[in-house]
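User: Please examine the structure shown below and justify each term that you apply to it.

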Amino acid sequence: MMQNAFRKPSDWNDHGLPRLGIGFDQARKFAVMFTACLLGLTIAGCGSEADQQFAPEPFEPIAPTAEKTIEAESTDVSPRIATTAPTPPITAREPLSVESLAPAERLAPAERLAPAERLAPAESLAPAESLVEKAIELLEIGESESALKVAFQARELAPNDPNVLFTVARGLAARRRFHEAVRTLDRLAAAHPETWLPAIGQTAEWLVEMGETEEAEKRYRALRREVDDASQSFIDRQLALMFLRQGRRVDAAKIFQTLCASGDINLPELMMLLRISIPLSDRMNLPENVDPITPLGRAQAAIGRGEWNKAQRDLDLSEQTDEVVAMRGRVYALQQEQEKLKQWALREYPNTPANPEASFAWGVYQLQIEDANQAAKALASVIIADPTDQDAYQWLAKSLVALNRSNDADRIAARAELIGQTQTIGKKLADGSVTADEMRKLAGLLEQLQRPLEALAWRAMRVSFEQSGGHIDAAQAAKAYAEIERVRQKRQRDGTTEPDRTFVLCGVELELP
């Protein structure tokens, strides 16, 4: 069932639309509950989704900050608390690899979810528990420095208690000492195999903040293999969020399309699918208070705000990875920077692996030098990779006109117009000014584009919109939802859920790889 489309009125904003970012909020809440379930911790707001387990290869992290060692911030610890020797500070460049955390014998799922009392050390934990509660309270009001000092005090009383160590790690992360926070939970998972699910989940999120996205992705994917089906969508959303922050919008879209096929999709995810290549607006790129973490991600965010010059400058000045080079070419093409596009095509395109952004720029350049045949082939390959790319359709139509294939060009131009209408409605959604009739129209347009699962999800959104506005009652809404779900399941049984290549290219025949 498309449960995320069904929101009670309190979940809607002042314009009567579902609040943007709600999917990411749900995932965050899940992580907190998941952690508490596994450890019996009272760590509300743990700060991460359920994430992935153990990576197969050693990971060489960035050096820990020169700020202070773990003990360095606890100078005001009362002497009466220091009854045991402190844990050695974490200052070495220890590899943060999930492989080192895997228990010798894999626990059965039931053992992983064992009650918290299995984890409790023999020592009395009452004083430490009180300090943990105080540290958590301080974290919740933003007093991270004081919280970390209190967590250190708790650790000196109970150095092996998972609850205490998890709180220490949270305090370190709140101070942006992510390397030490990750290592703390890595050691915890190695010592207490029962804790590896929440520990690896939390560390994956911190690794993203460190910029160690490859290791974070390994942990997310490994964890996904271990959790039950109901939990996988939350992990998928964390992966998609990381991809969006990196600028990997195509990878994020694949996850959202899978969620849509399962009927578990929400508004910001659906809006992103209206235009995959670049954001329609900044509100359709990332949730509020979540920032990009790569030059490519920052450039896409700038494009979403209409700041093309800033996007171009950011890309020009950043490390020239394959993805950055490809996006630079696309920006030059879209901004009609003909001389820059020419230099890009001659000097950089030959060494750039094929991807939609590079192919788009190459196609525009080929049309610029009047090789319409090569332009058409390149632009058609972009459309096959991303059928929401209105720009690619428009440039393909120009290429076909240059080839004197006016009928083909007309069909491609008409398709570009349909796609443009969906994106116009999407922009109005981002601004909070859409009507129920426009949502109905959007669903109809998506049906014409042979994107039926998205269309059904938008129908569900419209039902929720109308119910929240008092236009239909709960019984009518429930009946509508049931019909939408029936049609979704039938579509999947029939295998009619996405367009084929012939439809995507409007029947235009081109010699493509």
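Analyst: A suitable starting point is aspartate 408, which counts as buried at 14% relative accessibility. This is a predicted model, in which local features need pLDDT of at least 70 and side-chain atom pairs count only at pLDDT 80 or more, while totals for chains, interfaces and linings use all residues. Residues are numbered from 1 along each chain as its sequence is written, and side-chain values use heavy atoms, with hydrogens and water left out.

User: Why is aspartate 408 called buried, and what makes arginine 411 partly exposed?

Analyst: Buried means under 20% relative accessible area, exposed over 50%, and partly exposed in between, with a 1.4 Å probe and protein chains only. Aspartate 408, at 14%, is therefore buried, whereas arginine 411, at 35%, is partly exposed.

User: How do you know that aspartate 408 and arginine 411 form a salt bridge?

Analyst: A salt bridge requires a side-chain nitrogen of Lys or Arg within 4 Å of a carboxyl oxygen of Asp or Glu. The N to O distance for aspartate 408 and arginine 411 is 2.5 Å, so the pair meets the criterion. Both belong to helix 19, three residues apart, which means that about one helical turn separates them. Helices (H or I, at least four residues) and strands (E, at least two) are DSSP runs, numbered from the N terminus. The chain has 23 helices and zero strands.

User: What makes arginine 237 and aspartate 264 a salt bridge that links distant parts of the chain?

Analyst: The side chains of arginine 237 and aspartate 264 meet at 3.3 Å, N to O. Arginine 237 lies in helix 9 (residues 229–246) and aspartate 264 in the loop between helix 10 and helix 11 (267–274), 27 residues apart. Arginine 237 is buried because its relative accessibility is 2%, and aspartate 264 is buried because its relative accessible area is 10%.

User: Are glutamate 348 and arginine 328 buried or partly exposed?

Analyst: Glutamate 348 has 23% relative accessibility and so counts as partly exposed, while arginine 328, at 7%, is buried. The two form a salt bridge, with their closest N and O atoms 2.3 Å apart. In total, the structure holds 30 salt bridges.

User: Why is the second largest pocket called a pocket, and what is its volume?

Analyst: On a 1 Å grid over the protein atoms alone, a pocket is an open set of points where a 1.4 Å probe fits, with protein on both sides within 12 Å along at least five of seven lines; lining residues have an atom within 4 Å of a point. The second largest pocket has a volume of about 620 Å³, a volume being the space filled by probe spheres set on points joined across faces, edges and corners. Its lining comprises 29 residues, with Gln257, Pro387, Glu454, Glu498 and Pro499 nearest the centre. Helix 10 gives the largest share of this lining, seven residues.

User: What makes a set of residues a nonpolar core, and which residues have the most contacts inside the largest one?

Analyst: A nonpolar core is a set of buried Ala, Val, Leu, Ile, Met, Phe, Trp, Tyr and Cys residues joined through side-chain atoms within 4.5 Å. The largest has 126 residues, and Phe256 and Trp458 have the most contacts inside it. A second, separate core of 11 residues includes Leu296, Ala302, Ile303 and Ala311. Across the chain, 56% of the 513 residues are buried.
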